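Student: I am new to this model, and I would like to understand how the words used to describe it are justified. Could we go through it together, step by step?

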Protein chains: 2
Amino acid sequence: MTKEKRVTLDDVASLAGVSAITVSRALRQPDVVSEKVRARVESAVRRLGYVPNPAARQLASGRSNVIGVVIPSVTNNVFADVLRGIYDGVGEAGYEIQLANTRYAPSLEENALRLFASQKPAGVIVTGFDQSDASADLLAGLACPVVQIMDHGPTPAQMSIGFSHFDAAVAATRHLIDQGYTRLGFLGARMDPRTQKRFNGFRQTAMLAGVYSERRVVTTPEASSVTKGAALLSDLLAIAPEVDAVFCNNDDLALGAVFEARRRRLSVPGELGICGFNDLEMMAAAEPPVTSVRTPRLEMGRRAIEAVLTSLAAGTRDTAAIDLGFEIVARESTARASTLLFHK
Amino acid sequence: MTKEKRVTLDDVASLAGVSAITVSRALRQPDVVSEKVRARVESAVRRLGYVPNPAARQLASGRSNVIGVVIPSVTNNVFADVLRGIYDGVGEAGYEIQLANTRYAPSLEENALRLFASQKPAGVIVTGFDQSDASADLLAGLACPVVQIMDHGPTPAQMSIGFSHFDAAVAATRHLIDQGYTRLGFLGARMDPRTQKRFNGFRQTAMLAGVYSERRVVTTPEASSVTKGAALLSDLLAIAPEVDAVFCNNDDLALGAVFEARRRRLSVPGELGICGFNDLEMMAAAEPPVTSVRTPRLEMGRRAIEAVLTSLAAGTRDTAAIDLGFEIVARESTARASTLLFHK
DNA sequence: GCTCGTAATGATAGCGCTATCATTACTTGA
DNA sequence: TCAAGTAATGATAGCGCTATCATTACGAGC
């Protein structure tokens, strides 16, 4: 239980034979102090094991080293990957990630943004484009870099890094149609804004191809899960037994559908095609392997934090909407067409 | 873009007609100021929309409102549930959760604890008992409440909330033996300290029952995944085709094993029993439903943060090791005995 | 009546940094 | 030769709170 006094800037300063403010500068803006002084300061810092006090720094400068991250869920694999990208990307840059969990509730999102705003954060990363008016105002009022992730659109608050959920659903639906499925169904859970966009892409594409029926759309406002996927497929089959393929909101549901089909001895892809969304690791390993839409989750996280750090280093506030795209990963679960794909 | 000055304690004080320090007290220790003053202060706070500045508070008091949470992975479902418990439990208590991701590396754990220590955290929650000497010293030197989670043992640094991985593995192995399996195998990934304890429980129990063979233990230092579960089962079957049941390190591996068995037309539970660990949501929904060991993940998170908050409120530092136990959830994947269990 | 204890409030002095404005030592051009 | 610029460093004054030590008012006890 070391009871020594905390090492402060002054301690470093007197050891290095300079003033405290010079040490401060040597640490924060190394190019404005002379080579010689910088070396002396650095050696003194090492000798004493000096660690800056973030509270004092924040109080004096009016800025904090906190990068706020607003996500709707911490238990969702999708956000877990994004988070990993963020933590990987921030590395030892001296910033702290502060997580706020909105549980898909706009009011909690507002609370979180208000809290962040009061802390004068170094940066903010927020999920999606569909903020409430109050949240949008809070975002617009932030003086720091702001990155919206997980979605793509024409009017980001500052920067956005994501992909088009609508386009991804269109591509997935086309894939099902190309495989010869003609009575498409949709399984959806939660139905948050991005899920809704996927549904819209599905509906438009299926309608244009004449393979859409509203009877074959089964959704629930509850959270997504594998169990829910099985239940939704059961519901769908009860209502519309003619369905020959389902586009699932996400991979959890798709996996549940695969299990339910197996229980009912429905052959996949022969009698029922199943397509998921996100391409979680397990989809390739499933039996049969499940077609999904690969989304750049890790990269969104990494690029988002990079964008914040770059903007912070440059002192500029860019406006840019970056589309990282997606990829249809066709696997056996939808391989009805002659071009049957085999995956180990 | 409101450019108003930040509302400070002094603003509140002059509106309430008291001194700043009294406002500070009214906010932090309401019972030492008079009823009348407290009411005036509270109304002034509301009128002005005052939000305390955490940096100033921390600098002046030498304490922060940060509760540090050290976990080995953010992409693991197991920790996602624990995190959710923590975030749920901390609620609006005015503390901030700071996450540190060690990626199972002791050196990163030390770094994280050192960083936390320098911030004089309000509390620390750390995963497991198996810290390096340096990390253990850092933990011992902390003046704040410390909770170790995810494991159970006789000598917590302060408090611990978890369960015995050894005992859980013993129970799971007994279950397999009770079902009549006689050539048990083990699939393991990562092999971190808690995984190792599970293996030890498995080995001891299987040895005592005479159903153990080292040939039937297949592990990898790499991270766990469904794909890896399928690969490990393939390896095991190549080396020891006589295996009739596998105890898997965790549910990802178990699910991969189920898929691989299906690919090989091996009947589960008839030809191969499969038991997972953690009882993730998907295990019950799988086909066949998979036996697993239910672990109190959400509750560990919730109880850990509760313990920190309680200790903080009481100003005491208890020592206690709380065992939340576990539960064997027997499902079809190991139902070889006559008492076949059906689960919807 | 006077000391003493107790409850409520206030004055003062930092916490450890950084923003801002000097100051110093040199260089440079007319 | 000297005003004027430039680069490097320093002195000072807070940032917004809280710890600590007064101070005040008032009733209890001898």
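Tutor: Let us start with a definition: two strands pair if DSSP finds at least two bridges between them. Please keep in mind throughout that this is a predicted model.

Student: How do you know that strand β6 of chain A pairs with β7(A)?

Tutor: Strand β6 (residues 184-189) of chain A is joined to β7(A) by four bridges, and the definition asks for at least two, so the two count as paired. They run parallel, and within this part of the model A:A189 stands opposite A:T220 in β7(A).

Student: What makes β7 and β9 of chain A edge strands?

Tutor: The open sheet of chain A has four strands in the order β7-β6-β8-β9, with parallel pairing. Because β7 (217-220) and β9 (273-275) of chain A each have a single partner strand, one side of each is left without a neighbour in the sheet, and they stand at the edges. Between neighbouring strands of this sheet the average turn is 15 degrees, direction ignored.

Student: Which strands does helix α8 of chain A lie across, and what angle does it make with β8(A)?

Tutor: Helix α8 (residues 165-178) of chain A lies across β6, β8 (245-248) and β9 of chain A, and it runs at about 165 degrees to β8(A). Angles over 145 degrees count as roughly antiparallel, so this helix and β8(A) can be called roughly antiparallel.

Student: How do you know that β6 and β8 of chain B are paired?

Tutor: In chain B, four bridges join strand β6 (residues 184-189) to strand β8 (residues 245-248), and the two run parallel; since at least two bridges are required, they count as paired. Across this pair, B:F186 stands opposite B:F247 in β8(B). Helix α9 (residues 193-208) of chain B packs on the sheet, where it touches β6, β7 and β8 of chain B, and its direction makes about 170 degrees with that of β6(B).

Student: Why are α1(B) and α2(B) called roughly perpendicular?

Tutor: The axes of helix α1 (residues 9-16) and helix α2 (residues 20-28) of chain B come within 8 Å and cross at roughly 100 degrees. Angles from 65 to 115 degrees count as roughly perpendicular, and therefore the term applies to α1(B) and α2(B). On the side of α1(B) the contact is made by B:L9, B:D10, B:V12 and B:A13, and on the side of α2(B) by B:A20, B:V23 and B:S24. By class, this contact of α1(B) with α2(B) has five nonpolar, one polar and one charged residues.

Student: What makes the phi of A:K120 worth pointing out?

Tutor: Most residues other than glycine have a negative phi. The phi of A:K120, however, is near 45 degrees, a positive value in a residue other than glycine. A:K120 lies in the loop between α6 (106-118) and β3 (123-127) of chain A.

Student: Which kind of peptide bond runs from A:V268 to A:P269, and where is A:P269 placed?

Tutor: The bond from A:V268 to A:P269 is cis, with omega near 10 degrees, and A:P269 sits in the loop between α11 (251-263) and β9 of chain A. In chain B, the peptide bond from B:V268 to B:P269 is cis as well, with omega near 10 degrees.

Student: How do you know that the two copies are related as by a two-fold rotation axis?

Tutor: A turn of 180 degrees, with a shift of 0.1 Å along the axis, lays chain A on chain B with an RMSD of 0.1 Å. The two copies are thus related as by a two-fold rotation axis. In chain A, the C-alpha nearest this axis is that of A:A55, 2.2 Å from it.

Student: Why can one say that the copies meet through the same surface?

Tutor: The copies meet through the same surface because 100% of the interface residues of chain A are also interface residues in chain B.

Definitions and conventions:
Residues are numbered from 1 along each chain as its sequence is written. Chains are lettered from A and ligands numbered from 1 in the order in which they are written. This is a predicted model: local features need pLDDT of at least 70, side-chain atom pairs count only at pLDDT 80 or more; totals for chains, interfaces and linings use all residues. Side-chain values use heavy atoms; hydrogens and water are left out. Contact means heavy atoms within 4.5 Å. Axes are lines fitted to C-alpha atoms, for helices over the stretch in contact, and angles run from 0 to 180 degrees between N-to-C directions. Copies are superposed by least squares on the C-alpha atoms of residues with pLDDT of at least 70 in both. Angles under 35 degrees count as roughly parallel, over 145 as roughly antiparallel, 65 to 115 as roughly perpendicular and the rest as oblique. Ala, Val, Leu, Ile, Met, Phe, Trp, Tyr, Cys and Pro count as nonpolar, Asp, Glu, Lys and Arg as charged, and the others, Gly among them, as polar.
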